[in-house]
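Me: I would like to go through this model step by step, with each answer ending on the value or name I ask for.

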Amino acid sequence: MKVFCGRANPTTGSVEWLEEDEHYDYHQEIARSSYADMLHDKDRNIKYYQGIRAAVSRVKDRGQKALVLDIGTGTGLLSMMAVTAGADFCYAIEVFKPMADAAVKIVERNGFTDKIKIINKHSTEVTIGPDGDMPCRANILITELFDTELIGEGALPSYEHAHRHLVQENCEAVPHRATVYAQLVESRRMWSWNKLFPVRVQTSCGEQVIVPPLELERCPGAPSVYDIQLNQVSPTDFTALSDVMPMFSVDFSKQVSSSAACHSRQFEPLASGRAQVVLSWWDIEMDPEGKIKCTMAPFWAHSDPEDLQWRDHWMQCVYFLPQEEPVVQGSSLCLVAHHDDYCVWYSLQKTSPEKNGRVYPARPVCDCQAHLLWNRPRFGEINDQDRTDQYVQALRTVLKPASVCLCVSDGSLLSLLAHHLGAEQVFTVENSAASHRLMRKIFKANHLEDKINIIEKRPELVTSADLKGKKVSLLLGEPFFTTSLLPWHNLYFWYVRTAVDQQLGPGAVVMPQAASLHAVVVEFRDLWRIRSPCGDCEGFDVHIMDDMIKRALDFRESKEAEPHPLWEYPCRRLSEPQQIMTFDFRHPVPLHPVRAEGSIELRRPGRSHGAVLWMEYHLTPDSTISTGLLESAEDKEDCCWNPHCKQAVYFFTSPDCRAPQGGPRTVSYTVEFHPRTGDVTMDFTLSDTRKDGC
């Protein structure tokens with residue numbers, strides 16, 4: 001059966017109705033899921049297996065049957081481990097139907113159909129009794145319901161319900177316990193992901209400073225955690241103000257509560273400074289004695305940094321305090337972890353809230369609009385003074401005293417730069433209520449509310465009346481749009497430029513004047529795991545899952561490159577960066593497709609995991625902004641990526657990509673830009689394989 005799906009096209013700005021297979025969303029979720037990453041997480045798998053064996057043994061030692069409830073079974077791996085360890089029967093619950101169907105097949109392939117029952121329900125819908133899903137309560141509870149924040153996938157409500165309705169009192173639980181850790185730090189880099197810093201603009205009249213509105217400074221920020229690969233943040237980017245502290249633990253073998261709570265830890269700061277950020281992670285103990293432990297600790301807090309397990313499905317957390325606060329070395333304070341049923345947040349207090357009876361702070365909610373419009377990398381991008389200086393330098397070369405500027409980018413400060421550099425009149429287009437309100441606040445804080453005109457509508461709908469009858473002499477864009485996921489989605493600027501062509505005056509300048517698409521072939525240190533087939537996992541055949549992911553990736557949209565912030569994922573380049581295609585913004589979008597074909601020579605041995613693509617924007621002939629590779633010295637193999645942008649990764653599916661030496665010497669590519677839809681389609685083919693490559 002086919003269904004019609006409405007999709008906002010981020011490149012053209014239009015809403016399209018497309019005929020899709022009824023399982024289209026399922027395919028997308030599977031294709032972009034973390035199942036492969038979890039199956040490749042050997043540390044997780046081994047620790048779960050050890051914990052399950054121990055739990056089954058304890059039940060058997062008491063002379064009882066081992067009846068297992070596995071919530072969120074996924075592939076059925078943990079249930080198969082339990083049966084292999086001696087469990088009498090497993091009830092494996094999986095709410096996602098395609099995954100439940102796969103689990104049935106995997107269990108059958110491995111010969112456990114008589115011992116494992118897959119239940120395609122949410123655990124809160126499972127029934128107990130002669131006619132129910134389970135005849136009686138289980139005495140072993142196995143779950144893997146955790147995300148980077150531990151509780152963000154609803155672990156607490158699920159455990160709470162399971163203990164009340166599905167498992168016996170004092171059951172065995174794997175994992176047995178989880179503990180959340182935190183460390184208070186000062187970090188200008190990380191704080192720049194949360195607050196707007198003053199922006200300095202050098203003009204002919206001296207330095208001008210764009211100041212953030214008071215509402216932005218006072219705003220507690222977004223309620224969501226920022227989960228990142230903390231191991232890729234240099235220790236020089238932060239100053240530790242506290243030791244690593246255990247904040248709270250959850251015992252999964254007993255009744256769990258999903259009610260809001262807070263947990264405080266008194267500490268003496270290690271150094272004086274400004275408390276801004278809380279770094280947090282957790283570990284899980286698979287047994288009551290805590291001998292079998294799986295930890296998410298970053299390298300500086302890990303007991304054995306050399307044995308650090310890479311994983312992407314569980315990372316580390318960055319939390320921002322509502323306000324930065326001064327701390328004095330040796331002066332006692334309390335760090336407080338608050339949580340409800342799904343979220344964690346932190347506050348810093350002088351005394352424990354349990355002692356002083358203070359009301360627990362509510363979950364932080366943005367009231368300044370900035371955290372609703374700008375994500376964390378976008379904050380960092382706007383606060384990048386070097387990047388701002390580059391735009392200022394470029395603007396100086398194209399601005400004239402009589403310039404009429406039209407700025408087209410979401411929540412951009414370009415309009416303020418143009419005004420301070422002497423433009424006669426400045427218009428900025430903000431097509432959402434949030435961006436309109438935010439920019440109005442910024443203009444007011446800088447006494448520019450009467451100097452810069454805000455047009456609240458879609459940019460392609462701008463009329464002469466919106467521009468007060470004036471012709472635009474300078475069309476500006478970073479470009480940046482909040483709807484963009486892949487690098488080329490910001491080509492929306494080109495479509496806007498085409499739509500407002502009639503509003504441009506004779507000799508009007510467009511900045512950036514052009515863009516180019518670039519690619520480089522890389523070998524990832526670890527990221528390849530998320531798209532690599534697993535085959536066998538701890539002795540169990542999971543080829544069915546591999547095939548399922550492959551079929552999902554063969555779906556139309558899933559074949560495309562996918563966005564990743566590659567500063568978090570180390571890789572080395574096997575080729576030189578290569579320009580693939582150019583887009584000339586000085587002219588309207590062409591009517592016919594633009595196609596580029598060629599090959600990329602692999603100059604270094606290694607495993608060709610994929611091609612990374614990014615955009616470069618040519619502000620002027622002498623000034624270029626890269627959203628991808630920042631350093632391309634010929635002798636430098638390790639890639640340095642723009643930390644504010646996501647790059648596009650096209651993973652190779654050929655087994656040749658796993659050739660340790662030799663292997664393919666060229667990668668052929670075909671890339672096509674489709675003006676009607678704004679799509680950029682591509683195909684990369686590994687070729688010229690030497691016989692010793694695999």
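Me: How many of the residues of strand β25 are buried?
Reply: The model is a predicted one, and in it strand β25 covers residues 514-524. Ala514, Ser516, His518, Val520, Val522 and Phe524 point one way from the strand, while Ala515, Leu517, Ala519, Val521 and Glu523 point the other way, and all are buried. The strand is thus mostly covered, and the count of buried residues is 11 of 11.

Me: Which residue of β32 stands opposite Val522?
Reply: β25 pairs with strand β32, residues 610-620, in the antiparallel sense over 9 bridges. Within that pairing, the residue of β32 that stands opposite Val522 is Gly610.

Me: Over how many bridges do β25 and strand β30 pair?
Reply: Strand β30 spans residues 578-584, and its Met581 stands opposite Leu517. The two strands pair in the antiparallel sense, and the number of bridges is 6.

Me: Which residue of β29 stands opposite Phe524?
Reply: Strand β29, residues 571-573, runs antiparallel to β25 and is joined to it by 3 bridges. The residue of β29 that stands opposite Phe524 is Cys571.

Me: In what order do the 5 strands of the open sheet with parallel pairing lie?
Reply: The edge strands are β22 (452-455) and β24 (504-511), each of which pairs on one side only. Inside the sheet, strand β20 (residues 404-408) is joined to strand β21 (residues 425-429) by 5 bridges, and Val404 stands opposite Gln425 there. Neighbouring strands of the sheet are turned by 20° against each other on average, direction ignored. The order is β22-β21-β20-β23-β24.

Me: At about what angle to β24 does helix α15 run?
Reply: Two helices that lie across strands of this sheet can be described in turn. Helix α14 (residues 433-445) lies across β21 and β22, running at about 170° to β22. Helix α15 (residues 492-499) lies across β20, β23 (472-476) and β24, and its angle to β24 is about 175°.

Me: How far does helix α3 reach from its first C-alpha to its last?
Reply: Helix α3 comprises residues 42-61, which makes 20 residues, and its buried residues include Tyr48, Tyr49, Ile52 and Val56 as well as Asp43, Arg44 and Arg58. Just after the helix, Gly63 takes a positive phi of about 80°. The reach of the helix is close to the 28 Å expected at 1.5 Å a residue, and its value is 28 Å.

Me: Is Ser347 buried or exposed?
Reply: Ser347 is placed in strand β19, residues 344-349, and its side chain is joined to that of His338 by a polar contact of 2.7 Å. Its relative accessible area is 8%, and because this lies under the 20% limit, Ser347 is buried.

Me: Which strand gives the largest share of the largest nonpolar core?
Reply: In soluble globular proteins, nonpolar side chains tend to be buried together. The largest nonpolar core here has 114 residues, of which Leu69, Phe146 and Tyr346 touch the most other members. Its largest share is 7 residues, and these come from strand β15 (residues 273-285).

Me: How many residues does the other core, the one with Leu406 and Phe583, have?
Reply: This core lies apart from the largest one, and Val671 and Met682 are also among its members. Its number of residues is 51.

Note on methods:
Residues numbered from 1 in each chain as written. Predicted model: local features only at pLDDT ≥ 70, side-chain atom pairs only at ≥ 80, totals over all residues. Heavy atoms only, no water. Core = buried A, V, L, I, M, F, W, Y, C linked by side-chain atoms within 4.5 Å. Buried < 20%, exposed > 50% of the residue type's maximum accessible area, 1.4 Å probe, protein only. Helix = DSSP H or I, 4+ residues; strand = E, 2+ residues; numbered from the N terminus. Expected span 1.5 Å × (residues − 1). Pairing = 2+ DSSP bridges. Axes fitted to C-alpha atoms, helices over the stretch in contact; angles between N-to-C directions. Contact = heavy atoms within 4.5 Å. Polar contact = N/O pair within 3.5 Å; in protein donor to acceptor, adjacent residues only side chain to side chain.
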